[in-house]
Amino acid sequence: MNPNDDAGHGPPGVSRRGVLGGGAAVAVAVPLLATGAEATPVADPASADLVTVKVKVNGKPVSVQVDPRVTLLDTLREGLELTGTKKGCDRGQCGACTVHVDGRRVLSCLTLAATVNEREITTIEGLARGDRLHPMQQAFIERDGLQCGFCTPGQIMSAVGMVHEGHANSDDEIRERMSGNICRCSCYPFIVEAIRDAQKVMR
Amino acid sequence: MRAYTFTQPRSVREALAHADAGAAFLAGGTTLVDLMKLDVMAPTRVVDINRLPLRGIKLDRDGLHIGALERMSDVAADRNVRRDYPMIAQALELSASAQLRNMASIGGNLLQRTRCGYFRDVTTGCNKREPGSGCPAMTGFNRTHAILGTSDACVATHPSDLAVALVALGTDVHLATAQGTRTVPLDTFYALPGSTPHVENVLRPGELVTGITVPRSMWAPHSVYLKIRDRQSYEFALASAAVAVEWRGRTINQARIAVGGVGTTPWRLPVVERALAGQLATADTFEAAVRTAADGARPLAHNAFKSALLRRTLVRAFTVLAQSR
């Protein structure tokens with residue numbers, strides 16, 4: 001696939017995503033078929049009835065047509081080009097894909113996109129207010145709560161969800177309630193410090 | 001993932017009408033979507049039941065009524081549950097992760113499938129997944145497998161913490177088909193593997209779990225769920241104990257006990273219950289009562305430690321409960 005074919009479809013300027021993805025950019029109106037999980041044996045796409053899903057993503061109403069097998073994670077990343085949400089294990093075990101649905105932290109890799117009609121989705125891209133970072137994002141930077149950064153969007157979305165749940169009152173509680181987010185660089189001590197800082201500001 | 005027809009009914013009646021032979025009900029999706037990706041489950045129709053009115057956490061004279069679609073985190077946070085049925089809240093909060101608890105439903109939790117690695121791996125045989133294809137766990141890696149209720153066909157551990165607490169408390173499960181409704185004690189809901197490990201419960205084809213009722217009792221408010229696992233959090237039980245006691249001073253009037261992580265179903269221990277009845281709550285009483293707890297165990301190459309672990313888990317659960325009396 002020639003990356004140049006993409007010229008004119010995406011926003012101007014070359015993004016890492018554009019280069020890596022080649023011609024993979026999918027316009028929102030285009031049906032999103034079962035992509036993502038590479039091992040997925042895709043049956044004849046024509047045989048699967050598409051489902052129309054109207055959602056608010058980071059405050060913006062969007063309408064997408066999805067194969068009923070497609071996850072919210074793949075819809076965000078492949079269909080809406082919101083690649084901040086990461087695909088780690090794709091099995092509900094690592095937490096990298098954590099987003100908020102109607103304000104609750106959930107795993108987008110185990111959520112079928114077809115089930116979130118008329119819900120509100122918040123991803124890591126929706127946390128900042130303009131140029132002002134969310135207190136949790138700021139705290140992760142200040143406390144150095146990351147190394148490679150792959151788990152970080154999931155960590156931050158999970159941490160914000162936990163503070164809203166009212167369960168970030170001690171280091172032990174933070175560790176217990178964040179156990180669904182794995183960090184293979186093992187930045188856990190700094191993540192706990194970052195959450196402790198941020199929840200004071202968030203209150 | 002294989003192709004399926006997707007439907008989103010708005011009523012129980014409509015959902016049941018869609019429940020044909022190849023159909024699967026979808027609630028939180030934390031089991032079904034996972035297993036469809038692995039090709040372990042391949043329904044031809046997925047019925048999204050999340051719009052059904054199977055909600056509510058209500059306490060009345062009969063007990064605690066929970067709609068099948070209530071989420072684990074919401075039940076765990078409920079004030080009545082925490083006050084009158086503490087072991088239910090504890091079993092829920094010791095399950096999975098916060099994100100999974102926000103997604104997974106109570107009905108789905110009762111029906112979640114085993115974590116046996118061979119069941120989840122379609123490149124191996126598994127009598128539960130594919131009847132007659134053998135059980136590699138017998139001679140393979142079986143450290144986390146069951147020691148109680150096993151058969152020559154299957155040694156898969158029942159994964160639910162909640163079901164262990166609910167069995168101990170005498171919970172009823174409410175079921176519906178297009179032909180009508182019925183109520184089954186959770187204790188008799190689950191099937192031992194025997195020679196048919198693919199049959200895990202008494203559900204009929206197309207039958208839907210609509211809710212549960214946990215009766216009021218003198219013991220439920222004095223209950224504890226203790227879970228022992230390889231990690232401190234976000235892990236399935238190696239052994240767990242759900243213990244509820246009706247006290248008369250420092251004497252145990254009556255005890256209700258079920259254990260997890262060791263059985264092919266949530267496992268009641270009536271002999272231990274009887275050994276505790278009428279006894280003073282002392283360390284000697286506890287040690288004596290648990291002597292028979294793992295009787296009948298059939299240990300495998302890597303899980304023989306579970307018999308002793310089970311007895312110690314029970315003693316610690318009794319001790320914690322006696323101290324908090």
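Which side chain does Asp74(B) meet in a salt bridge? Keep that in mind while you load up this predicted model, and start the tour at the place where the two chains touch.

**Stop 1: the A/B interface.** Select the residues of each chain that contact the other: you should pick up 34 from chain A and 32 from chain B. The area buried between chain A and chain B comes to about 2700 Å², with carbon and sulfur atoms giving 51% of it.

**Stop 2: salt bridges across the interface.** Now show the charged side chains here. The rule finds three salt bridges between chain A and chain B. Pick Asp74(B) to settle the opening question: its side chain meets that of Arg104(A), at 3.1 Å from N to O. Colour by secondary structure and you'll see that Asp74(B) sits in helix 3 (residues 72-77) of chain B while Arg104(A) belongs to strand 4 of chain A, so this pair joins two chains. Next, select Lys37(B) and Asp90(A), whose side chains also form a salt bridge, with 2.8 Å from N to O. If you want the wider picture, a search of the whole structure turns up 27 salt bridges over all chains.

**Stop 3: polar contacts and the chain A face.** Back at the interface, switch on polar contacts: 18 residue pairs qualify across chain A and chain B, both partners being at pLDDT 80 or more. Then hide chain B and look at the side of chain A that touches it. The elements giving two or more residues to this side are strand 4 (104-107), helix 4 (152-165) and helix 5 (171-177) of chain A. Strand 4 gives the most, with four residues. Coloured by class, this side of chain A shows twelve nonpolar, 14 polar and eight charged residues.

**Stop 4: the cavities.** Bring chain B back and look for empty space inside. The whole structure holds five cavities of 30 Å³ or more, and the largest has a volume of about 160 Å³. To find that one, select Lys128(B), His158(B), Ala191(B), Glu200(B) and Thr264(B), which lie nearest its centre among 21 lining residues. What classes make up the lining of the largest cavity? Eleven of its residues are nonpolar, seven polar and three charged.

Technical notes: Residues are numbered from 1 along each chain as its sequence is written. Chains are lettered from A and ligands numbered from 1 in the order in which they are written. This is a predicted model: local features need pLDDT of at least 70, side-chain atom pairs count only at pLDDT 80 or more; totals for chains, interfaces and linings use all residues. Side-chain values use heavy atoms; hydrogens and water are left out. On a 1 Å grid over the protein atoms alone, a cavity is a set of points where a 1.4 Å probe fits but cannot get out, and a pocket is an open set with protein on both sides within 12 Å along at least five of seven lines; lining residues have an atom within 4 Å of a point. Grid points are joined across faces, edges and corners, and a volume is the space filled by probe spheres set on the points. Ala, Val, Leu, Ile, Met, Phe, Trp, Tyr, Cys and Pro count as nonpolar, Asp, Glu, Lys and Arg as charged, and the others, Gly among them, as polar. Contact means heavy atoms within 4.5 Å. Buried area is the accessible area (1.4 Å probe) that two parts lose on being put together, summed over both. A salt bridge is a side-chain nitrogen of Lys or Arg within 4 Å of a carboxyl oxygen of Asp or Glu. A polar contact is a pair of N or O atoms within 3.5 Å; within protein, one must be able to donate a hydrogen and the other to accept it, and residues adjacent in sequence count only if both atoms are side-chain atoms.
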